Amino acid sequence: MRFRGGRVQRLFIILSVILLWNILRVTTKRKHREDVDTRDTLGRKLSTNNRSQERRALVRKEYLKVKGEAEISREHGNEISQRKTYKIQNQLRNYTLDFDTDKVGRIGDPRNSIMKPRNMKKYLFPILLGNQGPNNQLQSFKMSAVIAAYRGRSLVLTPFYNHFTFDTYNQRHCNESIDIDKIKHLLPVATMEEYVQECNNRIDVFFSGINVTNDMTSSHYNRIFTYVQDMTEVFSKLTGIQIPKLSNGTIIQLPDHIPNGYNPLRKVASMPGLFQSDSRCIGVIYPYGLLGRFYYHDFTPVLSKYVLRPAKIQYLAQDVIKSYFQNKRFLGMHWRYNKEWKRQWCFGEHGRDMVACQAINSTVSVTVVRTIQNIMTQFALNGVFLATPLKPGDPFIVDLQNNISNMVTSSTVIDNGLPGIDYVMNDNYRISMLEQEICKHSTIFLGSSRSSWTEIVNEERLHKDNLLIPDVFSKFNKQ
């Protein structure tokens, strides 16, 4: 019995050793496979990162090349064919949207640090009254939005105002000018009511756009200063916001080292003293003047996504396009040249453009008609939407309508009673926005030089498929 018991015990020990050896072998193989998989995965990740970095470098190199070509096209635009210019602009636009190491196209990303305000109780309040017409006011508003985003401030949804040729002091609530729900995705915003409560109904100090150049004469500065001071007093009466007297203690001027000319607004990030203050409640007086010192065009792709017209205007524009053009290809055209434009640009001491004035004054309707017809033929367009401050019975407009098939104006749409058109009736401010929204979605846009109305539409189209009057007369005026 003892022998048998020892025999069984030895057999049990042998089987246990074999079982443990198999378990150890399986565990070792499994760990080896995991190590191999880990190395392979890590290798793939490193390889992907390397490829990503290599692609990024290649894209950056190509981006700089295209950007350089675009700069050349701006300087010698008349010497480069229109198609070549379009190609360069589209390439640059694509790279700007998809890639840039300097925050272009990323300002609207909520994960971006520049969009996270360090203190939600700091505000930037642009005063738009006295800043020319609604389109210059919109440009000033966009400029202020980028400054607010970079400096960690909430942008106050300030009122807009009618064009200075109409009732200048007629306030337009911000939600009548832009899509409030959309801009909230771009940066922190504050209503007027919130600002009044948080800032005790007053503005502490101002960033100033009065010094439009750093070498302006004292008489020029004083003239603008007096105008801005008058406008801020009117603004205070209209809104009830308490505004301090403009003086060296309440105005923060641009630093002297900021050069004249158009400087990229992204320089704000690298200039600590620019547009900065410890005050919680900052205003911007005469932001229109800043448009002569900085440009926000680096941010146009993202601004065009988030600074939109009210939803009612957007829907109404789509209804017009569907009803009159059946969603087919059409030309959007802006003819700005009325008497008011000519007084501003062709006479007096205001910055004049005599080349454009001479071209416009010497242009007859037959030239315009022939140019439009040739554009429609070349680009296979089915109709024209014309936006203009000229009255419906103006001989020039009548001549265009008699000679161009399917030419539509806002008056046409209003007279025919399109559903929902009551929203813009007898309101030039809203009619102008509707016309811009329609031109924004046109296949080809023919705009007017020296017009902020046209500039806004070009920005929203990302400068894609745009033509300009009077340049087109020399290119498309062929029998």
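Which side-chain oxygen reaches to within 3.3 Å of the backbone nitrogen of Trp453 at the start of α16? It belongs to Ser451. Keep in mind as we go that this is a predicted model, so every distance and angle here comes from computed coordinates.

Let's stay with that helix for a moment. Helix α16 covers residues 452–460, and 8 of its 9 residues are buried, so the helix is largely enclosed by the rest of the structure. The buried ones are Ser452, Trp453, Thr454, Ile456, Val457, Asn458, Glu459 and Glu460, a list with polar and charged side chains in it as well as nonpolar ones. Just after α16 comes Leu462, which takes a positive phi of about 55°.

Now for the nonpolar interior. In soluble globular proteins, nonpolar side chains tend to be buried together. Here, the largest nonpolar core has 67 residues, and Phe141, Ile183 and Leu187 are the ones that touch the most other members. Helix α3, residues 134–150, gives the most to this core, with 9 residues. Apart from it lies another core, this one of 31 residues, among them Trp341, Ala356, Ile444 and Leu446.

Helix α3 is also home to Gln137. Is that glutamine buried or exposed? Its relative accessibility is 0%, and a residue under 20% counts as buried, so Gln137 is buried. Its side chain still finds polar partners in the backbone. One is the backbone oxygen of Gln132, which the Gln137 side chain reaches at 3.2 Å. Another is the backbone nitrogen of Tyr161, which the Gln137 side chain reaches at 2.8 Å.

Next, the cysteines. A disulfide is a covalent bond between the sulfur atoms of two cysteines. How many disulfides does a search of the whole structure find? It finds 1. This disulfide joins Cys199 to Cys281, with the sulfurs 2.0 Å apart. The torsion about the S-S bond of Cys199 and Cys281 is about -90°, so the disulfide is left-handed. Cys199 lies in the loop between α5 (192–198) and β6 (205–208), while Cys281 sits in strand β9 (residues 281–285), so the pair ties together parts that are 82 residues apart in sequence. Cys199 counts as buried because its relative accessibility is 3%, and Cys281 is buried too, with a relative accessible area of 2%. Two other cysteines to look for are Cys174, which counts as buried at 1% relative accessibility, and Cys439, which counts as buried at 0%.

Another pairing across the sequence involves Asn211, found in the loop between β6 and α6 (218–239). Asn211 is buried, with a relative accessible area of 12%. Its C-alpha atom is separated by 7.2 Å from that of Gly289, although the two residues are 78 residues apart along the chain.

Finally, head out to the surface and back to the beginning of the chain. Which residues make a nonpolar surface patch of about 390 Å²? They are Leu11, Ile14, Leu15 and Ile18. Leu15 is found in helix α1, which spans residues 2–75. With a relative accessibility of 51%, Leu15 counts as exposed, because the cut-off for that word is over 50%. So this leucine is exposed, whereas Gln137, a polar residue, is buried.

Note on methods
Residues numbered from 1 in each chain as written. Predicted model: local features only at pLDDT ≥ 70, side-chain atom pairs only at ≥ 80, totals over all residues. Heavy atoms only, no water. Patch = residues over 30% accessible without salt bridge, like charges linked within 9 Å, V, L, I, M, F, W, Y side chains within 5 Å. Areas by Shrake-Rupley, 256 points an atom, 1.4 Å probe, with all protein chains shown as cover. Salt bridge = Lys/Arg side-chain N within 4 Å of Asp/Glu carboxyl O. Helix = DSSP H or I, 4+ residues; strand = E, 2+ residues; numbered from the N terminus. Buried < 20%, exposed > 50% of the residue type's maximum accessible area, 1.4 Å probe, protein only. Disulfide = S-S within 2.5 Å. Core = buried A, V, L, I, M, F, W, Y, C linked by side-chain atoms within 4.5 Å. Polar contact = N/O pair within 3.5 Å; in protein donor to acceptor, adjacent residues only side chain to side chain.
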